[in-house]
Each structure stands twice: as C-alpha cells, then as structure tokens.
Amino acid sequence: MPDTCLFCKIIKGEIPSDTLYEDDQLLAFRDIAPAAPIHFLVIPKKHISGPSAVAEEDEQLIGRMMRVGSKVAKKEGIEQFRVVFNNGEEAGQTVFHIHMHILGGRNLSWPPG
Ligand code: AMP
C-alpha cells in the first residue's frame, strides 16, 4: 500500500470521507466533487492501481464492489445509475487506486465527453 495513495489514506482514516458503507474489504463514500445528484465511489481496501491491475485472485472482490454499490445506490434512493471505472489518465483516471463511480439522480447523456 503506497504511502502516497489518497484512497489508502481515506481507508486508514488519515483523510476524512463521507462514508456510506464499510466492511472488512470495501469502503463506499461520497465523491468530493459530485458530477450528479448522487455520486459515490466504491473502493477495495486492498490497494489495486486500476482495472488493468486486477488479478485472478481479485475477481470475487471486484464482483462484491458491484453488489455493494447497487445496495448503497438503493439506500440513496436510486435504482437507475451509471457505473464507471476509469483506467489510465487518457480515460480520466486521476486516483490510481481502483474505484467504481456510481452516478445517478439525473438523466445521464451517452456517450460521455
Ligand atoms: P477518477 O478521475 O476516475 O480517478 O476519479 C477520482 C475521483 O475521486 C474524482 O471523481 C474525485 O472527485 C474523487 N476524489 C478525489 N479526492 C477525493 C476525496 N478526498 N474524497 C472523495 N472523493 C475524492
């Protein structure tokens, strides 16, 4: 776990977050710069730099992110939402600790810009 990783610091409680869900493997918290009325992130506590770095041993963990994200979305009052994983700078990834964006609460256009 790199000392410089922002999301590892959030997991350790060194940086505050608006937590929506936590268990021994996963954390969900509101995005600090929401791009929709509901916008939160689901992250594994294990440091994985991004989608391309997911190993076979992580498959169950990544699947759990989807299940937990859906449950948190329902709790937040949305059943329709967009799920985004950015992989690499060109795709818009700015934090290199894998995270699943969940966005909803408004009509979302497609394709993204
Ligand atoms: P990405 O651009 O896919 O790497 O997404 C990173 C996301 O993390 C962005 O939507 C940021 O707004 C969000 N973010 C950055 N710092 C924080 C923070 N301290 N708490 C919550 N969300 C953050």
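Student: Which element gives the most residues to the shell around the ligand?
Tutor: This is a predicted model, in which local features need pLDDT of at least 70, side-chain atom pairs count only at pLDDT 80 or more, and totals for chains, interfaces and linings use all residues. Residues are numbered from 1 along each chain as its sequence is written, and side-chain values use heavy atoms, with hydrogens and water left out. Helices (DSSP H or I runs of at least four residues) and strands (E runs of at least two) are numbered from the N terminus. With 3 residues, the element that gives the most to the shell is α1.

Student: Which side chain has an N or O atom 2.8 Å from an oxygen atom of the ligand?
Tutor: Polar contacts here are pairs of N or O atoms within 3.5 Å. On the backbone, an N or O atom of Ile32 lies 3.1 Å from a nitrogen atom of the ligand, while a polar atom of Val95 is 3.0 Å from a ligand oxygen. The side chain at 2.8 Å from a ligand oxygen is that of His99.

Student: Which element gives the most residues to the largest nonpolar core?
Tutor: A nonpolar core is a set of buried (under 20% relative accessible area, 1.4 Å probe, protein chains only) Ala, Val, Leu, Ile, Met, Phe, Trp, Tyr and Cys residues joined through side-chain atoms within 4.5 Å. The largest has 17 residues, of which Ala28, Phe40, Val42, Met65 and Val72 touch the most other members. Two or more residues come from each of β2, β3 (38–44), α2 (59–75) and β5 (100–104). With 6 residues, the element that gives the most to this core is α2.

Methods: Polar contact = N/O pair within 3.5 Å; in protein donor to acceptor, adjacent residues only side chain to side chain. Buried < 20%, exposed > 50% of the residue type's maximum accessible area, 1.4 Å probe, protein only.
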